[in-house]
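Trainee: Please take one part of this model and go through it closely. I would like to look at the place where the two chains meet.

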Amino acid sequence: MNIIFLILSHWLIVLTLSPLFLGIISKVKAFFAGKKGPSFFQPYFDLQRLFQKNSVYSRTTTWIFCAAPIINLAAVLVLSALVPLGTFKAPVKFSGDILLAAYILGFARFFMISAALDTGSSFEGMGASREAFFSCLSELALFMNFITLSFVSHSISLSAMIGANFPLSWTLMGPVLLLVVGSFFIVILTENARIPIDDPDTHLELTMIHEVMILDHSGVDLGYMLYAAAIKFFVFASIMVPIIVPVQSGNTAWDMLIFLGGMLVLSVTVGIIESTMARLRLNRVNNLLLIAFALAFFGFVVKMWRM
Amino acid sequence: MKRFWRHFKSRNQERQELYKEGRFFNMLESFQWPWHVPFGEFALKLDSLSLIFLTAVTILVLCAGVYAVGYMRQYRTTKSMGLHIFFYFLLSTALVLIVLANNVILFLGAWEMMSISTYFLIVFNDEKSSVRRAGFLYLIMSHCGTFLLILMFFLMAHNAGSMNFEIISHSSFPVAFAGSILLLAIIGFGIKAGFVPVHIWLPHAHPAAPTHISAILSGVAIKMGIYGICRVLWIIGVLPDWCGYLILIIGVVCGLMGVLYALGQHELKKLLAYHSIENIGIISLGLGVGLLGQSHHMPFLSVLGFGGALLHVLNHAIFKGLLFMGAGCVIQRTHTSDMDLMGGLARTMPLVSILFLVGALAICGLPLFNGFISEFIIYFGLFQGLFHLPLQGAFTCAVGIISLALMGALALACFTKVYGTVFLGEPRHLQEPPSTGKISLLMIIPMLVLGGLCLWIGLFPQIMANAAFQGGAYLSHTDLASLPMGTIFYPLSLVISGVFLFFALVLALVGIRRKLLQGHAQPVRETWGCGFFQMTPKIQYTSSSFALLIVDFVKGILFFRREGGDVKGKFPAKTSMSSSVHDASEEFLFKPLFARLTSFSKKLDMNRIRYTQIYLMYIFLYLIFLLVWKLK
């Protein structure tokens with residue numbers, strides 16, 4: 001009973017906080033464009049609007065098309081239960097939970113790609129094809145990060161790899177962690193379809209990946225998709241923040257504040273990158289992802305060297 | 001026969017008692033019958049290793065048999081079935097005999113029985129020249145393998161002075177000798193298992209055979225190669241250190257090459273055939289981990305590796321059988337196996353599409369289904385190796401983890417491609433298929449059984465995982481009771497509860513969605529085409545264009561060929577383009593080799609004497625020589 005309560009409270013935090021950070025990113029982007037920009041809470045209003053609307057379906061689609069948003073949202077929620085949020089420990093943690101995390105995301109990806117192909121549109125097919133390709137490379141980088149982190153912490157549990165239980169801090173493992181942080185940041189940008197890999201704002205140009213895949217979703221389905229995207233960003237960021245700031249003051253309030261501050265800084269950084277950089281040409285993206293892999297791999301080599 | 005039956009009955013009672021005591025998997029069951037073959041004895045033995053393979057064989061042979069009754073209806077008027085059915089039963093017997101044989105002669109006899117009966121099953125549609133060629137290639141390759149196997153087994157038997165596996169396993173082998181035996185086994189059994197680069201028969205034979213035969217070939221026949229390697233590992237026991245690294249690297253190469261070749265295919269059954277090579281790679285990855293554990297005296301690691309590999313053997317048999325049967329239904333309905341002409345089948349054959357989806361999710365190793373469980377165990381073993389092995393071992397394990405992850409991602413790309421182009425979207429073929437072949441219930445039932453098994457092992461893996469670990473412990477000559485098996489069973493149970501959590505969430509979200517959509521109209525329109533309407537379904541992404549990005553990225557490894565498709569002039573005329581991925585080991589290794597062999601044998605042919613009488617004289621002289629020799 002206790003564990004169910006813990007999981008539910010964890011989800012409550014995730015569900016309430018996650019859209020805020022997307023609001024922060026768009027505010028930063030508006031600031032750089034010299035505009036006032038929408039309110040911080042605009043993503044909440046968007047979600048509310050979408051949940052009240054009805055959905056339009058294409059004649060071509062099957063049940064896969066409706067299942068994809070549901071499975072996507074469920075998968076990121078399961079993922080969020082494996083990740084500690086500041087002082088809130090992850091409700092589900094065990095040796096090998098990174099595999100569940102990676103493969104449950106794979107499950108969602110299978111349905112996302114299938115749903116895109118389900119519409120029979122060549123736009124969405126294009127996005128699906130790109131997603132399938134780039135996700136291979138980002139999975140490579142993600143797993144290399146996992147390997148390096150688990151090699152450092154001698155554990156295959158997300159909770160032990162990051163945050164509170166991290167046995168070594170930056171003084172000992174500085175170079176390794178620096179490489180991992182660099183690599184993981186690229187993975188975050190890829191998995192969340194941000195610039196310079198993908199553009200989250202437009203879908204009409206033929207260069208986009210994630211946005212073009214959900215072109216035909218509308219109403220509640222689109223709402224689920226957007227919510228899942230917000231949670232995914234939140235969860236990935238909360239994996240990254242404890243690696244950068246492994247501070248443990250012991251005071252719960254301070255620790256939570258440090259965590260939220262880290263999340264804020266990370267979202268602002270993403271916003272700044274989106275405002276100052278252009279999207280990479282499509283055939284350059286794989287180079288960037290291979291760089292992410294190489295960074296994590298060198299982290300692993302450095303750790304081996306020091307053994 | 002009576003004696004046999006009595007024997008069986010008493011054994012059965014024993015087994016039930018043992019089962020009650022919970023020692024069933026530890027039990028060694030053996031059976032002997034007099035057999036008048038020099039050096040041979042009809043010795044059978046059921047141990048925890050053969051139990052896994054026997055389970056896979058039994059499940060798949062039964063399911064494919066039922067499926068065949070429905071599938072072969074289309075040939076009923078045109079072909080005689082007797083020969084096919086005879087060889088089907090011969091093959092089933094041979095498969096069971098192989099996993100149970102406890103004697104070299106019996107094993108090799110059963111092995112030949114399998115090879116030859118499989119040949120006759122593959123060439124069922126022998127009016128097509130491509131089928132005859134595929135069958136011939138298979139026959140030649142498998143006999144090359146058998147040649148090495150005879151050599152290997154006789155070397156072992158000579159060293160031990162016996163033909164009985166049990167007795168051979170008690171004798172000790174010099175380390176270098178053991179290594180060379182394993183090399184022979186890897187090549188000899190590897191031809192059957194489909195190790196890269198000796199896999200070339202596999203992508204030809206699978207599409208050529210009738211579907212239920214492809215399912216058996218891919219599900220269990222190639223696993224006999226893995227079984228052989230396991231049996232040799234068990235017999236030898238102590239192996240040099242490099243063997244573990246070798247098998248692990250073979251696994252990595254097979255897995256990655258298999259899935260990359262699969263991505264390049266647009267023929268459904270050929271794609272599935274290449275995926276078998278990938279899964280053989282995953283299995284050998286597990287075996288490699290097990291061997292590494294064995295050579296570094298870490299019994300827990302070796303049980304994890306071997307156990308994961310054995311469980312994957314069973315799992316692959318189940319979901320690959322399911323996928324081939326699904327492909328058979330699709331091909332029967334559309335009368336083509338080219339995926340680029342299909343599309344939208346989920347609406348005309350919904351049940352088959354769901355069952356195929358189950359197989360596809362399972363083969364990608366995604367949670368909820370059985371592929372995830374065995375991959376989880378192998379991953380777990382690799383991570384244990386990463387933490388506890390010395391530097392080079394840890395590095396190899398890291399390479400293993402990365403390649404397993406990449407295989408998973410590429411398999412996902414490959415099966416979204418298959419599922420998306422075959423079952424989703426609009427039919428790419430503009431005119432209606434000539435006649436809609438009816439899918440009989442007999443074809444659906446075995447698929448339902450296999451799909452149910454995928455789900456059962458995926459959600460309640462304890463029984464099968466335990467059996468696989470018993471097999472792994474038996475293979476590494478350790479006792480399971482002395483190992484901290486809770487270290488793996490505890491995470492396994494938590495992973496399953498995570499999966500159930502996911503399932504509950506999906507249900508809850510479906511409920512919320514229904515609630516939110518209540519009272520709203522749900523209009524059905526065209527797919528949004530950015531303002532365009534009435535687009536031809538040919539504009540959809542095909543399987544080739546879907547995979548193009550990945551294939552293009554690795555074209556340094558694959559042999560990618562593209563013809564036509566250039567746009568010429570201001571008003572380009574109608575043009576056509578074709579692209580295909582060819583097998584590099586076939587094009588660069590075996591074709592030149594076979595060409596060289598052919599020219600060499602042609603040269604020999606020039607020196608042949610063309611009179612039959614002279615050959616008869618040779619035979620006569622030889623007989624006289626034998627008589628004289630015997631007289632002396």
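Mentor: What follows describes the contact between the chains, then the core and one residue in it.

This is a predicted model, in which local features need pLDDT of at least 70, side-chain atom pairs count only at pLDDT 80 or more, and totals for chains, interfaces and linings use all residues. Residues are numbered from 1 along each chain as its sequence is written, while chains are lettered from A and ligands numbered from 1 in the order in which they are written.

The contact takes 63 residues from chain A and 66 residues from chain B; two residues are in contact if their C-beta atoms, placed from the backbone, lie within 7 Å. On the chain B side, the elements that each supply at least two residues include helix H16 (370–388), helix H17 (391–422), helix H20 (486–517) and strand S3 (524–525). Helices (H or I, at least four residues) and strands (E, at least two) are DSSP runs, numbered from the N terminus. H17(B) gives the most to this side, with 15 residues. By type, the side of chain B that touches chain A has 49 nonpolar, twelve polar and five charged residues. Here Ala, Val, Leu, Ile, Met, Phe, Trp, Tyr, Cys and Pro count as nonpolar, Asp, Glu, Lys and Arg as charged, and the others, Gly among them, as polar.

S3(B) also pairs with strand S1 (residues 57–58) of chain A, in the parallel sense and over two bridges; pairing requires that DSSP finds at least two bridges between the strands. Val524(B) in S3(B) is the bridge partner of Tyr57(A).

Now the core. The largest nonpolar core has 322 residues, and those with the most contacts inside it include Ala141(A), Ile401(B) and Leu410(B). Such a core is a set of buried Ala, Val, Leu, Ile, Met, Phe, Trp, Tyr and Cys residues joined through C-beta atoms within 7 Å. A residue is buried if 20 or more other C-beta atoms lie within 10 Å of its own, exposed if 12 or fewer, and partly exposed in between, with C-beta atoms placed from the backbone. Helix H13 (residues 299–334) of chain B gives the most to this core, with 21 residues. Not counting residues up to four places away in sequence, Ala141(A) touches Leu289(A), Ala292(A), Phe293(A) and Ala296(A), among others. Those four are among the buried residues of H11(A).

In chain B, Ile282(B) is found in helix H12 (residues 268–295). Ile282(B) counts as buried because it has 31 C-beta neighbours inside 10 Å. Leaving aside neighbours within four places in sequence, the contacts of Ile282(B) include His312(B), Glu375(B), Leu404(B) and Met407(B).
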